[in-house]
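Welcome! Here is a short briefing to help you find your way around a structure you have not met before. Take a look at it first, and then we can walk through it together.

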Amino acid sequence: MNRPMSLKAGWEALAPFFRTSSQAGRWLAIGGFLAVLTLVGSLGLLGLSGAFLTGAAIAGLAPATAAVFNFFMPGAGVRFFAVMRTVSRWGDRVTTHEGVFRWLASLRVWLYGRLSKLSPSQLAGRHSGDLLNRLMRDIDALDNLHPRVLMPLAAAAVVLSALVGVFVLVAPRLAWLPLLVLAAALVILPLTGWWLGSRLLPSLIRQRAALRANLLDDIEGLEDWSLHAPAWAQQRERTLATSDAWLRTQRHSARRAAALRAAVTLGIGLLAWVALGLLASESADTRVSGPWITALVLLLLGCAEALTPLAGACIDLPGTAAAAQRVRQLADQTPAVRFASQWPQPVGGSIRIHDLRFEWDPHTPVFHDWHLDIRHGEHVLLTGESGGGKSTLIQLLTRSADPQSGSIEVGGAELQTLDEATLRQHITCATQFTWAKTATLADNLRLARPDATDE
């Protein structure tokens, strides 16, 4: 059974990703400001429209009040809030998407930079589908953090705090109502969403990664699968089972998100009814006017626009934290091979190996006090049985791995004192499985020199 992700583990996974790059941060800051304006426009339009219609209805009860009623100022205010809501929502979408795309791009560059420092032996232990999934899909999952969680929470905190101030000025006895909505937005809703999604969403992330790995295995092994029908049948069933589990988890998550959104809508509606009843039951000397009663009730109803989108985002947050964990696990690996920053320059192309000792594990030593001298310009052919150490020697010369003891010199310079660029300039390796395009070996070699003859 999958264990739910704890809040502490989620916070530790997400905390490093709260920061953004400078370019993305500016776009996200503008998007956050526009998100606040969007909520202000929505609540202002709803409250002012209700107050305007109520005031107009009351003024129409008598010719005297109708004659002095000001239609123009509230009408201008309604148009202002309507235009502000439309423009700010459009601007919010544009700037937020731009900021998120820039942030995700910077994360991919950062992660790829970390991966490039790992040795081939470190990367060889991971499935290529898993690496691709973490570099692409797991980083994509982090786009839930800023535009769907942090920015809406900040906007809701600002606007709902202002709504509390409105209630304090107009109906101070009912200020606890918007305070309750504020507490729901900042505390109750995130905790409830985390509790509902803490088991499902991390499973969804893992199932998606497993499905991607299985699909890549299906494609890469088509030739082998075609030769063994029973093995293909097992692989097909494994892939379909993973897909079914992933789809089931998605359905459960969507149902929980829908239930939480329904609960938010119901709760806001009940608060509005409570506000209407309490405002109507006030004594004559403390009762607010009819337009304000309508405005306050509609302002509470409008809070659903701030809370409803947060419901799904908070349920998805444990999945975002699980994706962040997977990215950090990959990025926090310590490179097995570290290159020097200051280096000598090799002279010539000689290779000298002295007292080399290397083993992949304690039970399978490959080299023990091994020596080899290759003069500059000399051609050497290494032969031996499979497992004798030919490929291992190439990996040591290219610093895909380092020996336990002994020394390797290139042009009189110790291999471990060279920086990576200098090492690559003096040692080049083309493995037996390296090709640039599907063609003959000669065609691939002629990519570097098209006029090369067969000889």
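Helix 14 is followed by R399, a residue with a positive phi near 60 degrees. That is a good spot to keep in mind while reading, and please remember that this is a predicted model. The points below begin with the whole chain and then turn to helix 14, two backbone angles and one residue of helix 7.

**The chain as a whole**

- The protein chain holds 16 helices and four strands. Its radius of gyration is 33 Å, well over the 23 Å that the globule rule gives for 455 residues, so the chain is more spread out than a compact globule.
- Along the principal axes, the C-alpha atoms fill a box of roughly 110 × 55 × 45 Å.
- Of the 455 residues in the protein chain, 40% are buried.
- Contacts often reach across the sequence: among those between residues at least 6 apart, 79% join residues at least 24 apart.

**Surface and charge**

- About 25,800 Å² of the protein chain is exposed, and carbon and sulfur atoms supply 63% of that area.
- The chain has 41 positive and 35 negative charges, and the mean positions of these two groups lie 13 Å apart.

**Helix 14 and its buried face**

- Helix 14 covers residues 390–397, and its buried residues are T392, L393, L396 and L397. Looking down the helix axis, you would see these buried residues fall within an arc of 140 degrees, so they line one face of the helix.
- A general point helps here: an α-helix has 3.6 residues a turn, so residues three or four places apart point the same way.
- What do the buried residues of helix 14 pack against? Their partners are strand 1 (351–359), strand 2 (365–374), strand 3 (405–410) and helix 15 (420–426).

**A closer look at L393**

- L393 sits in helix 14 and is buried, with a relative accessible area of 3%, under the 20% cut-off.
- Setting aside neighbours within four places in sequence, L393 is in contact with I353, F367, W370, L372 and L382.
- For a sense of distance, try finding S289: L393 and S289 are 104 residues apart in sequence, and their C-alpha atoms are 88 Å apart in space.

**Two positive phi angles**

- Most residues other than glycine have a negative phi, which makes the next two residues worth a look.
- D369 lies in strand 2, and its phi is positive, near 50 degrees, although the residue is not glycine. Is D369 buried or partly exposed? With 43% relative accessibility, D369 counts as partly exposed.
- R399 belongs to the loop between helix 14 and strand 3. R399 is also a residue other than glycine, and its phi is positive, near 60 degrees. At 4% relative accessibility, R399 counts as buried.

**R148 in helix 7**

- You can find R148 in helix 7, which spans residues 145–170. R148 is partly exposed, with a relative accessible area of 33%.
- Which residues does R148 touch, not counting those up to four places away in sequence? They are L310, G312, A313 and D316.
- R148 and G312 are 164 residues apart along the chain, yet their C-alpha atoms are separated by 8.8 Å.

Terms used. Residues are numbered from 1 along each chain as its sequence is written. This is a predicted model: local features need pLDDT of at least 70, side-chain atom pairs count only at pLDDT 80 or more; totals for chains, interfaces and linings use all residues. Side-chain values use heavy atoms; hydrogens and water are left out. Buried means under 20% relative accessible area, exposed over 50%, partly exposed in between (1.4 Å probe, protein chains only). The arc is that of the directions from the helix axis to the C-beta atoms. Contact means heavy atoms within 4.5 Å. The radius of gyration is taken over C-alpha atoms; the globule rule is 2.2 Å times the number of residues to the power 0.38. Accessible areas come from the Shrake-Rupley method with a 1.4 Å probe; for residues, only the protein chains shown count as cover. Lys and Arg count as positive and Asp and Glu as negative; His and the chain ends are not counted. The place of a charge is taken as NZ of Lys, CZ of Arg, CG of Asp or CD of Glu.
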